[in-house]
Amino acid sequence: MLNILKKLFALFAGLTLMFGSVDAEQSGNVKTKKALIVYFSHTGNTKLIAERAQKELAAVNYLVDLHRLEPTKPYPEYGDELRDLAKEETENDNCRPEFEAINVDAQSYDVIFIGTPVWWYKAPKIVLSFLEKQDFSNKKVRFFITHGGGPGALHKRYGNGV
Ligand SMILES: Cc1cc2nc3c(=O)[nH]c(=O)nc-3n(C[C@H](O)[C@H](O)[C@H](O)COP(=O)(O)O)c2cc1C
């Protein structure tokens, strides 16, 4: 538990840095830029960070759209069944779980944030389901992750928690 809190704290610090740099791009109080935050969260940690991010961005005058990816077939509660199912999905490169449609077009945003927990050292496949449906060309896309201490490749790729 302490470990998870430490990770979340590190993530908050990272987010502050990240949104600090976004802040510099805004001028005055007019909401001129649009940010999209899309996240998946099963047990609520990533949701917490996504909602914090929404507030931080709104405070620096971004118009923010926040969307949670909802699996069409809900995952089981945290426990052995979920662990096994998540492992099965992780090991299947073709797995792309369906999610309830969200009506967004990445091209209409100035910056896009994607939030995900780590499942078996990777992002849950539902996040790929979303990413592959969007066109992110020429867009700034930032990722943030939450994890329980073993983020695997996501950590190497995106740094400490972000
Ligand atoms: C099925 C499953 C697999 C997980 N695998 C990892 C892992 O490989 N490494 C890790 O650090 N944490 C792992 N965790 C912990 C989660 O990444 C962590 O609790 C995260 O903050 C959960 O986010 P959420 O509350 O937004 O769903 C796993 C959790 C679950 C449920």
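Two strands count as paired if DSSP finds at least two bridges between them. Keep that in mind for the first stop; the model on screen is predicted.

**Stop 1: the strand pair.** Select residues 111–117, strand β3, and residues 140–146, strand β4. The two strands run parallel, and seven bridges join them. Now pick out glycine 115. Which residue of β4 stands opposite glycine 115? Look across to phenylalanine 144.

**Stop 2: the crossover.** Add residues 125–131, which form helix α4. Together, β3, α4 and β4 make a β-α-β unit, and its hand is right.

**Stop 3: the ligand.** Show the ligand with the protein surface on. The ligand sits in the largest pocket. Select its surroundings: the shell counts 20 residues. The closest are Ser41, Thr43, Thr46, Thr146 and Gly150. Next, color helices α2 (45–59) and α3 (80–91). Each of these helices supplies at least two residues of that shell.

**Stop 4: polar contacts.** Zoom in on the oxygen atoms of the ligand and take three residues in turn.

- Threonine 43: a polar side-chain atom lies 2.4 Å from a ligand oxygen.
- Threonine 146: here too a polar side-chain atom approaches a ligand oxygen, at 2.6 Å.
- Histidine 42: turn on the backbone, where a polar atom is 2.7 Å from an oxygen of the ligand.

How much of the ligand's exposed area does the protein bury? Taken alone, the ligand exposes 640 Å², and the protein buries 88% of that.

**Last look.** Keep the ligand and strand β4 in view together. β4 covers residues 140–146, and Thr146 is among the residues closest to the ligand.

Technical notes
Residues numbered from 1 in each chain as written. Predicted model: local features only at pLDDT ≥ 70, side-chain atom pairs only at ≥ 80, totals over all residues. Heavy atoms only, no water. Helix = DSSP H or I, 4+ residues; strand = E, 2+ residues; numbered from the N terminus. Right-handed = clockwise from strand over helix to strand, strands pointing away. Near = heavy atom within 4 Å. Polar contact = N/O pair within 3.5 Å; in protein donor to acceptor, adjacent residues only side chain to side chain. Areas by Shrake-Rupley, 256 points an atom, 1.4 Å probe, with all protein chains shown as cover. 1 Å grid on protein atoms, 1.4 Å probe; cavity = no way out; pocket = protein on both sides within 12 Å on 5 of 7 lines; lining within 4 Å. Sits in = over half its atoms within 2 Å of the grid points.
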